[in-house]
Amino acid sequence: MSENESESEQQVGPVGRVTRTSVRRVGRLVRDGERLVDLDRLVGFVGYRYAAAVLVLLALLALYGVAAFSRPSGAARAEPGTRAPVTSALLGCPAPGGARLTLLTPGRTGGTGRADITVTRGGAPAGAVTSPGAAWSKEVGGGHHGRTDPYTVRAGGALASGLEVEQTTSVQNGSDRGLAGVRCTEAGTDLWFLGPGPMDAKDIDLYLTNVDDQAAAVDVRALSGEGPLDTTEGRGTTVAPHSGVVVGIGKSPEGLGDIVKTARILALHVRVSTGRVSAAVRVHTGDKKGVDWVPQAAPPATHVLMPGIPSGSGSRQLLVAVPGEADAQVKIQVITPKGTFAPEGRDVLDAPAQTVTPVDLEQALSGKAAAVRLTSDRPITAGFVASRGADVAYGGATEALGGGGVVADNRSGTVMVLTAPDRAATLRLDTVTGQGAAGTPQEVKVAAGRTEEISVPVPAGGDKGFGVVLTPQPGSGPVYAARVLSSGKGDKLLFTILPVTPALTSIAQPPVGDSLTSLIP
């Protein structure tokens with residue numbers, strides 16, 4: 001050992017000697033036969049006090065280098081726009097009280113799967129489906145200990161892709177006379193419904209279904225034609241796991257209490273602070289005046305389109321709700337078989353904040369089928385009320401079909417109301433029975449800026465019900481759809497409207513790539 005080295009070791013002491021020895025050993029290990037880094041000079045440059053930090057940095061660089069070079073080439077990454085097929089679905093159906101449940105998956109992807117339909121409370125089986133592309137239906141009702149319970153649908157594999165489940169009730173006579181249909185939906189946390197208030201309806205019931213293992217806490221708020229209905233009632237309603245709750249609007253504290261009783265029109269806002277729920281609203285207008293379900297409205301947005309206003313006599317009323325704190329200016333266009341135009345004197349609607357505004361449309365439509373397009377400078381949500389014969393029905397905004405749509409429950413008297421708001425659209429319409437595809441596929445064309453009503457014939461074997469699959473063809477413009485189902489004639493006619501939502505066959509994946517952020521403190 002040289003004199004200089006001895007002096008240096010005396011200055012740094014035993015700890016310094018141990019550090020220098022450790023550094024040299026690590027240097028020999030990482031060099032792997034070739035002097036890549038002169039650690040002696042490096043330590044001398046930064047000083048012995050930083051040797052440990054340098055070693056950690058070198059170790060991380062070595063690990064990253066090994067990982068980078070050992071990673072298989074062409075490792076899969078999720079690029080923007082990548083979609084993954086849907087392989088599982090969980091839907092809640094409101095307590096039926098005696099109805100028909102119908103299930104249909106389009107079966108485009110092939111493969112196998114299974115869907116189980118059970119009573120939500122207790123899980124009693126109601127049926128199982130193992131054949132994609134074939135319709136299944138069953139009359140259901142009743143429940144545990146004489147009570148009516150909601151239903152849960154769990155599907156996996158090919159049966160989950162594009163799954164559509166509907167619940168339909170037909171009462172031809174008595175105080176509950178009416179044809180009523182509702183879609184079973186995935187659970188959510190922020191839901192809107194627009195329809196009549198207690199002043200214009202005998203009963204308004206909000207059905208909350210919890211299909212999960214966690215209890216849900218639900219807040220119900222409302223907007224009326226006079227403004228927001230501010231109350232602490234309707235807050236914190238608990239829905240136990242795998243159960244349902246029916247809330248009478250205006251008839252209980254959970255249903256907003258007395259403050260809502262004088263409202264003629266309502267926008268109900270269901271928010272879930274814990275967990276999630278499936279929700280549906282059933283309106284009994286009055287004795288022999290009609291019964292139906294209010295479809296879930298689209299979330300507030302500045303562009304809204306509502307298909308499915310049927311042709312024929314009766315009233316047609318648009319409902320526009322502004323949830324925000326600022327008034328909205330709303331441009332109204334109706335799209336009919338004759339073209340697109342603004343209702344006379346109603347081309348622009350000044351809609352007050354936190355209020356529901358009604359707009360009568362029967363004079364503008366003159367009995368024609370239509371869709372309504374709304375363009376606003378503030379987020380809005382909307383729905384409509386239609387009356388025909390002895391019944392009433394409700395409609396709401398939906399999205400364009402995109403890859404296609406499914407309607408599970410159809411019968412004699414089924415009409416598809418199709419709207420192409422901007423460009424001409426071409427669709428293929430297929431009918432499906434319990435044995436699979438039936439009848440001849442129908443090609444349907446809708447001119448740009450037009451609405452068309454298409455009657456759907458009953459296929460062979462579909463006398464007790466059949467499904468419809470709508471598929472936009474290559475080059476087609478955006479198309480919106482609703483199903484109108486009716487029975488009877490004249491003042492005994494019953495009907496219901498079901499907006500057709502895009503079939504959920506795939507979901508978007510977020511972009512994924514390599515990142516060092518997990519290694520950086």
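Strand β22 pairs with strand β26 (residues 370-388) in the antiparallel sense, and six bridges connect the two. Within this pairing, Ile332 is placed opposite Leu374 of β26. The coordinates belong to a predicted model, and the description below should be read accordingly.

Strand β22 itself spans residues 328-336 and is mostly covered, since seven of its nine residues are buried. Besides β26, this strand has a pairing with β24 (residues 348-351), again in the antiparallel sense, which extends over four bridges; here Val330 is the residue that stands opposite Leu349. A further antiparallel pairing, with three bridges, links β22 to strand β23 (residues 339-341), and in this case Val334 stands opposite Phe341. The connection between β22 and β23 is a hairpin, with two residues lying between the strands.

The pairings of β22 are set out below.

| Partner of β22 | Sense | Bridges |
|---|---|---|
| β26 (residues 370-388) | antiparallel | six bridges |
| β24 (residues 348-351) | antiparallel | four bridges |
| β23 (residues 339-341) | antiparallel | three bridges |

Turning to the whole protein chain, the model contains four helices and 36 strands. Of the 521 residues in the protein chain, 48% are buried, while the area that the chain exposes comes to about 24400 Å², with carbon and sulfur atoms supplying 52% of that area. When contacts in the protein chain between residues at least 6 apart in sequence are considered, 79% of them join residues at least 24 apart.

Methods:
Residues are numbered from 1 along each chain as its sequence is written. This is a predicted model: local features need pLDDT of at least 70, side-chain atom pairs count only at pLDDT 80 or more; totals for chains, interfaces and linings use all residues. Side-chain values use heavy atoms; hydrogens and water are left out. Buried means under 20% relative accessible area, exposed over 50%, partly exposed in between (1.4 Å probe, protein chains only). Two strands pair if DSSP finds at least two bridges between them. Contact means heavy atoms within 4.5 Å. Accessible areas come from the Shrake-Rupley method with a 1.4 Å probe; for residues, only the protein chains shown count as cover.
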